[in-house]
Amino acid sequence: MSQIESNRGKHYWRSLDELAESPEFKEHLEREFPEGASELGSFSRRGFMKIMAASMTLAGAGGLTSCRRPEEKILPYASAPEGLIPGKARFYASAIPRTSGSLGILVKSHEGRPTKIDGLPGHPASNGKTDKHAQADLLSLYDPFRLQYVKYVENGKVLNGADEEQGMTPVYRKHIKDSWTKLGEELAKLDDKLSKNKGEGFAILSPAVTSASEESVRTELSKKYSNAKFFNWEVLNEDNATHALKVLTGKKANDIQANYSLTDAKAIVSVNADFMMSGRDSLRLSKEFADARRVYVKKGDQDALNKTDINRLYTVEANFSVTGSNSDHRYRLAESATFEFMVALSKELSKHIKLDASITNFIEGFVSKYDFAKDALTTSKTGSEFISAIASDLAALKKAGKNSAILVGDDQSSAVQILGLLLNDALGNQGKTITFSERSAKVSDHTIEQLSSMISESKIADLLILGGNPAYDAPADLKFAEKIASINTIHLTSHFNETSIASKVAVPKAHFLEYWGDTRSADGTANIIQPLIAPLFGAVSDAELLAKLIQSKQTKGIELVKATYKLEGPAWEKAVHDSTLPNTAYKTSTVKFTANKAIANLEAVEVYKNGFELVFKSDYSLLDGSYNNNGWMQEFPDPITKLTWDNAALISYKTASDLGVQNGDYLNINGKKIPSWIVPGIADKTAVLSLGYGRSTTGPVGTGTGFNAYELRNANSLTWTKADISKASGNYELASTQDHWAMEGRELVKDDNITDFKQNIAIFDNKFDPNGESIIADRAEWNKEGSYQWAMVVDLNACNGCGTCTISCQAENNISVVGKERVLKGREMHWIRMDRYFFSGYDTAKGAFMPDQLRSDYDEKDLQVEGAYHQPIPCMHCEKAPCELVCPVAATVHNEEGLNDMAYNRCIGTRYCGNNCPYKVRRFNFFQYQENFKDKRYEVQKMVHNPNVTVRSRGVMEKCTYCVQRINEAKIDAKVDNGGKLETDSFTAACAQSCPTEAITFGDQNNAESKVSQMQDETRNYVLLPELNARPRTSFLGRLKNRNSELG
Amino acid sequence: MIDMTLDPNADNPAQRTPLVQGGMGFKDVSHAVCDISERKTPKIWFLCLAAALSTLGLLKTSILYLIWEGTGIWGLNNPTYWGWAIVNFVFWVGIGHAGTLISAILFLLRQDWRTGVNRFAEAMTLMAVACAGVFPGIHIGRVWAAYWLFPIPNQMTLWPNFHSPLLWDVFAVSTYATVSLLFWYVGLIPDLATMRDRAKTKYRKIAYGVLSLGWTGANKHWQRYEKAYAILAALATPLVLSVHTIVSFDFTVSNLPGWHTTIFPPYFVAGAVFSGFAMVITLMTVVRHIYKLENLITIRHLENMCKIILLTGTLVGYAYAMEFFIAWYSGVEFESYAFINRAFGQYGWAYFIMIGCNVISPQFFWFKWCRTNVVFMFIISIFVNIGMWFERFVITMTLNNDFLPSSWDYYSPTIWDVSTFVGSFGLFFTLLLLFLRFLPIVAISEVKNCIPEADPHHGDHH
């Protein structure tokens, strides 16, 4: 207290302690922190170092120092290519070289890597569309199992093998380089030898040539090695048609080809032709066919409806083809009876129109073993009634001054081809639906049979095989693999295959996105092929290899092309930019047939009856086998059988029950065990086996898939062969994506006959609409002012079920390939699938087709299967989406533009949405499907991914997004360029973009101008499962048939 | 005057058999129950535990492999996105129904016979719910994100979707588990105190001492205990109905034919009670025999449960018939097809197993002999257990054939589906064995209430 007294004056104090200046308070002032907080005490530097060292050690010992994110090196664009904006795709015009007519394409490229192939607008063959193989070519580019370096082979062993699994290590790069250096030396040696002996004993085997620059190199080669011989081989060829034309016109093979046009054909008879899926210019033909069937009539516009006139398709076939499934009348007939059918048709036609006398004579003298009158087409009609109905239909059209077309499949015998051409001529179709021009794909006169015998006679010492895989796909009786193994064979090939392993040298062939070249379309239009990427592993084109061999002054593709077309400067730049060279199409003309010269060919036909036969068909996925190592194609469900990853012997229900087999049971066909698969609508006593499977030397994707049809295919039986078929022991598991044949009487695909439709357009109306309002009026409910409202309409009348949409979507949206094992479990990932339902005959009383007639008693119904419905099913983007309601974490939600969005990051994978989706369009990532890419070898395949689409991880649901990335990109572009307003139909979804028949329309339904909103106003517009009231944004236009009233 | 003969077969309601037989007194009851855990652990118990633990190991292995590889190891496919995991979940949740029903509803209805079986049934409920709880968590594609199902505040302001029945499920099952656990534990307190009081070893004294929460048996304690118990019973009662109702919403709220039916909630609850009682009988008949508890868990107890099985089994049978009737009566082609396909389609065999086990087998309980023969009721209860698993399987498999025939497929389970299901029994039996060994398996204090001596007027002269 004394201290208190000693202080005077104004004094502020915080506490009595301070006032008293107690020692405790003094200590408190000195200390920064309250008691206990700064107890560390004095710290020596030594001590500090000790503690720090210990801490660092501990941190290290815990493994934390090595716990880092994986190191990834990125390269900055220190000097960016001019005009390149990272993240912004660029498009380049090019072309896919094909002997069946090359396809103009527009390739999307992200930072120098091609990510999507689409059709080049305005191109005569593609017209902005593609087929699924064009889409799949993208994956082939990045196939890590392409031939990566020049392989030298001795007795089936690769001499210069390398460890490819480690990816592009410096050692491996050097290995690749060395292999090419060695090739240069080898070619120089060969050239040395051939220059001296003028190419004696040297042969080149290749498919038909469509490249002018390659032709010029070949000419140069022929000059240098004047004795060199050129041979021709490819599986899917036009040899029979060419032969028929040669016989009828006397022209040379390369001077003539028949070009069909279906635009004006009011009736089309397809004789095993399958023109929608295979053969020259199938894209254009399917588009023309679909265009001639379009019926767009607004509700209530009866006048316009009455005026519509659509074409009619008759199909005669042994297989059940996609074309057959789309026909108005389909007659399943043994492949061996095709010629007899053509004769019977000619006979019937001769009653109406005048045929050449020699033909009439032949017909009269021809004794058909096949009794069409007894062959039941349906329960009420026979084969001869079918034939006479076609004949009178065709004749009536001719009388009315209209056109028809008879299309004969490329694989049909030249006798059938001859009759087809003559009938077309007699029906007055020349110059209208059939014209003639120079041949676009040039062939050499020598065949593989000739080559084979020359090798046997030791006349060939050196053989250069340009592409293809003859050791695998040449006629089995040639034993071609043994032949080429006996001589010095150089094989230019994209993959190391059966031919490569039998050769001495396998040279990597460049993908068409990797080299400079040129190619001709079916109509002769020339296209520049420009590379979008440097060869991934080092590769050359056909022309480049030939130029290298002959030690030409010019061996670079670009220079060869420039020289061939004499293009320089701006003209060259324009040519590259456009790819298509204008006015290069061949002139078309009419020709005169001399029918009597063909009689010998017709008389030579041997008629076969009453036995089993095996029919070979190009595979819808693998074609002749060239897409064997392509996962997209392997997993593509065949449009008819829905099989993936395998082929099988397709047999009719009746044949199956006669043989006592079920799906997957092995059959013994000419000594080979092949599993069976029942397809209703295949000719009885026939097994159809597609080509391209059962490869022995291929990449891991193709290994172990399917059965090799080529082993059963001889030089004289390339189309079909007599067969011994019996049940064999055992069973093989086949992976199909759709097991069910029928619609179970549900209104899923609506269809009608055009004549009935004209009388009662209400058939497509929504009978479930509770308020009696049309579904169209309902749509307006969601169209908020000033917003985009996305919608899709699929015209089932235009869709032929080809499945291009499925693969285009797969390419666009980084959809995983899951493999056979998982397809078997039903886990395929396709976002837009193609549903297929078979249907039987037309019920005149009901005015409808009978899709559910297949339920029981297959025996009889099998007979009646007349076609199949194809229905592409993408996400319906329901306004009242059942999936959204049930997701517990709100991972799938509706956006203001009507899209049913998936937030992958939010999805935890309860899969409830998948259960509740009535359309079953949702796809689940049951595994980490991208795990493959951990393998170093797959590094390159990652490049196929679209950078604008998330690659989904395991445990996440995914589905069609209406290509939301495209929508947003278009909106962003519009914001930059157009003040935010999207132009009508300025972009579309991937499926719609590639659809060859323009069956899919996508756009803004809130814009009355847009194509999609007009499609929604169509009479035939309907939605799937309307009674569920999910209000789908995706709707359909019903299918129309054009029945011949004579056939009911 | 009432004749008090101790006839266990007396069926006259006015002459009900006593619930505790053999003339047991208070001390006898305590001894009979507590002695089970106090006597030396029998070797057979260790053997059983070893078996149960290895089955639990199977569950663990299956789950680890599942998390490592993905749900693809199961037989799921595109139309059938839910398989055995959901079947098992509903199966176990259903079994979990008996306990709460016995303890809560029968308590409120003053059904004294519940006392003999309620502790066991409640414990079984918790074990079954634990087994059920395994499945929703692991069946999702991204297990590591399962906690997103809970409304946890986060910086992205993401919230679960309260429209989704799966979310209701999360709340329903977790609430049910919590309340059941509390209810069970509150009921245990007096008995734990008894165990504590009888404990001879130090560890037992500490363990039961802690667990009994300082129970002294004071009047105040009993008063509060009774109040708490009654409140919990009242809380648990609606949960008995709600939890399986909400589980059934997982199916009914969807629009699938065969799932989208209004009959599901009552039918699921009846089915759950049905399966729960069957499981209680399955286990109880064995346990009472092994532990010689025939005087506490009498034939009357078992018979009563058989009667409930008969009732609920018949209800379930009615529901099956009604589903078919409505499918036909509605005229909806998808629904009609779904039901015809359910009975005569690819899984027809499963449907008839279900009918045989669930509808036909309980009908034997119309006969008194069947209701009172322990071996017979054990066999029937096994049938019911099987049948009820198949019921859920049949319902779930309706997924195979919905609207578009193009998507129809066939589901077949893989070895991992089977091992996960079998493994869940490992969890169940591990918990059961621990319960049998360490806790009073009969509610001692409650049973004592049922002894005539417990009546305040017992021995009074009239």
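The following exchange takes up a few features of this predicted model and sets them against the definitions behind them.

User: How do you know which residue, chain or feature is meant, and what kind of model is this?

Analyst: Residues are numbered from 1 along each chain as its sequence is written, while chains are lettered from A and ligands numbered from 1 in the order in which they are written. The model is predicted, and local features need pLDDT of at least 70, side-chain atom pairs count only at pLDDT 80 or more, and totals for chains, interfaces and linings use all residues.

User: What makes β1, β2 and β3 of chain A a sheet?

Analyst: Strands are DSSP runs of E with at least two residues, and helices are runs of H or I with at least four, numbered from the N terminus; two strands pair if DSSP finds at least two bridges between them. β1(A) and β2(A) pair in the antiparallel sense over seven bridges, and six bridges join β2 (residues 103-110) of chain A to β3(A), again antiparallel. The result is an open sheet of three strands in the order β1-β2-β3.

User: Why do β1 and β3 of chain A stand at the edges?

Analyst: β1 (90-96) and β3 (113-119) of chain A each have a single partner strand, so one side of each is left without a neighbour in the sheet. Neighbouring strands of this sheet are turned by 35° against each other on average, direction ignored, where axes are lines fitted to C-alpha atoms, for helices over the stretch in contact, and angles run from 0 to 180 degrees between N-to-C directions.

User: Which residues stand opposite L106(A), and what joins the strands?

Analyst: L106(A) in β2(A) is the bridge partner of A93(A), and L106(A) also stands opposite D118(A) in β3(A). The hairpin of β1(A) and β2(A) has six residues between the strands, with G101(A) in the turn at a positive phi of about 105°, whereas the hairpin of β2(A) and β3(A) has two residues between them, with E111(A) at a positive phi of about 45°.

User: How do you know the length of helix α12 of chain B agrees with its number of residues?

Analyst: The expected span is 1.5 Å times one less than the number of residues. The 13 residues of α12 (residues 348-360) of chain B should therefore span 18 Å, and the end C-alpha atoms are 17 Å apart, which agrees.

User: Why are the buried residues of α12(B) said to be on the same side?

Analyst: A residue is buried if 20 or more other C-beta atoms, placed from the backbone, lie within 10 Å of its own, exposed if 12 or fewer, and partly exposed in between; Y351(B), M354(B), C357(B) and N358(B) are buried. They cover an arc of only 145° around the axis, and therefore lie on the same side of α12(B), the arc being that of the directions from the helix axis to the C-beta atoms.

User: What makes residues of chain A and chain B count as in contact, and how many are there?

Analyst: Two residues are in contact if their C-beta atoms, placed from the backbone, lie within 7 Å, and 42 residues of chain A are in contact with 40 residues of chain B. The largest share of the side of chain A that touches chain B, four residues, comes from α32(A).
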